[in-house]
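Me: I would like to go through this model with you. Could you start with the terms we need?

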Amino acid sequence: MTLVYQSTRDEKNRVTASQAILQGLATDGGLFTPITYPQVDLDFAKLKDASYQEVAKLVLSAFLDDFSEAELDHCINHAYDSKFDDAAIAPLVKLDGQYNLELFHGATIAFKDMALSILPHLMTTAAKKHGLENKIVILTATSGDTGKAAMAGFADVPGTEIIVFYPKDGVSKVQELQMTTQTGANTHVVAIDGNFDDAQTNVKHMFNDTDLRARLLEHKLQFSSANSMNIGRLVPQIVYYVYAYAQLVKTGEIAAGDKVNFTVPTGNFGNILAAYYAKQIGLPVGKLICASNENNVLTDFFKTQVYDKKRSFKVTTSPSMDILVSSNLERLIFHLSGNSAEKTAALMAALNEQGQYELTDFDADILELFVADYATEQETAAEIKRVYQASDYIEDPHTAVASAVYQKYLAETDDQRKTVIASTASPYKFPVVAVEAVTGQTGLSDFEALDQLHELSGVALPPTVDGLEKAPVRHKTTVAADQMQAAVEDYLGL
Ligand SMILES: *Cc1c(COP(=O)(O)O)cnc(C)c1O
């Protein structure tokens, strides 16, 4: 039997895994979501010695069950290869009192590479499977990391075009240059006068615009998404939670069956949702700790069950988490409401129309799995310094948000369970924040900070930032948020 992926907003809209990956978003505005979970044999006596690729095969073949074994082998082997600078792909590092799961060893040094190095292969394989003749146009809103990672994956992939929108003043200099220097004839990068939520909202509008879709089809084009709204992003992220657990068993830190907590620095709720799915296939999970920065809408939601986006948007030092509408929470809301598309659609309509909703009737067992808190800017900087002093290790600001929230949780609960921190970016992506937090200096340029970070950490400069200062800027377009569709039409010649 093939696994069913259903739209969170229409129970009749059901597709297979490969169809869900091709479409990206459901045309009713919902997100394709598994309504049952596959049986996976998580035998850690064996898995502790499995490679990352082998764990990927186990998880992907269970969730993406309409792909053949040969197709998945092809995708996995082309994704998790020498693009990663560590053979472990996602090494687990033991620090003082916590384990950091380093998800930043891919081409663009953020965790988005974990899924975006495989998504283009899954998508082109799915296109072939379904005999698709249209060109796939990847439309992406980015808070800084998805855009670059998606372009690294899709650049010059035949049959695809990729258009990325980022908030002009909402990303670090390194992030911006990584994007604007991107090569590849099929890549387009546009800065917008607006924040990430503006970018994401307008991208969703384009997906749901039937007239626009019809015009695309006339030109043999169709949209898909590289955002975590695409289930093809989420499923590959389940892999590293299983892999991290296997490493803890292997090194004797835990016995197979012991529960482990995961703390995840959260923005669009994709990464932590993947951890939730890992639990659904049998991973022994204690708590899922949802860590936010000062854009703490999720903290409030988990504490009160009221989701209220009517608050001011803050630009922080962890920009990839500067989000007020966390798209993937919709999938959890769907599960919390007993997989009810009707209830989910009503709540999402309320969010759209009133800017808030309250979840009144929910599955308490699911909600109890989650703990949520946030770290202020000051607490985040202090955490970078604390970890440096305790473990001679420099965390990036996103990881530090998670790490700080875990410290608060520990102080409040004294929960002694082993806890893994999802370490979502290399500090080289946010060098100024990292160096200033450790040394107390101020006013450094990004490139001065890169050199200092190298001296402080002893970690070699990754290729994606080495030479960035001199790389030619290829993308220079800025548009108003309401001109995004016009830019897309222009690029595609509609
Ligand atoms: C995208 C991102 C996050 C947030 O992940 P979500 O899946 O959107 O919750 C956290 N940290 C970094 C560095 C990111 O790039």
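Reply: Helices (H or I, at least four residues) and strands (E, at least two) are DSSP runs, numbered from the N terminus. The model is predicted: local features need pLDDT of at least 70, side-chain atom pairs count only at pLDDT 80 or more, and totals for chains, interfaces and linings use all residues. Residues are numbered from 1 along each chain as its sequence is written, and side-chain values use heavy atoms, with hydrogens and water left out.

Me: Which residues does the "domain: Threonine synthase N-terminal" annotation cover?

Reply: In UniProt, an unreviewed entry gives that annotation to residues 5-80. Over residues 5-80 the chain is 45% helix and 16% strand, with the end C-alpha atoms 25 Å apart.

Me: And what is the make-up of residues 101-421?

Reply: That stretch is 48% helix and 17% strand, and its end C-alpha atoms are 6 Å apart. The unreviewed UniProt entry annotates residues 101-421 as "domain: Tryptophan synthase beta chain-like PALP". UniProt positions follow the numbering used here, feature names are shortened, and annotations may be inferred rather than shown by experiment.

Me: Turning to the ligand, which residues come nearest?

Reply: Of the 15 residues around the ligand (a heavy atom within 4 Å of it), Lys-112, Asp-145, Gly-267, Asn-268 and Thr-424 come nearest.

Me: What polar contacts are there?

Reply: A polar contact is a pair of N or O atoms within 3.5 Å; within protein, one must be able to donate a hydrogen and the other to accept it, and residues adjacent in sequence count only if both atoms are side-chain atoms. A side-chain N or O atom of Lys-112 is 2.6 Å from a ligand oxygen. A backbone N or O atom of Asn-268 is 2.7 Å from an oxygen atom of the ligand.

Me: What happens at the start of helix α10?

Reply: Helix α10 spans residues 210-218, and at its start a side-chain oxygen of Asp-209 reaches to within 3.0 Å of the backbone nitrogen of Asp-211. Just after α10, Lys-220 takes a positive phi of about 55 degrees.
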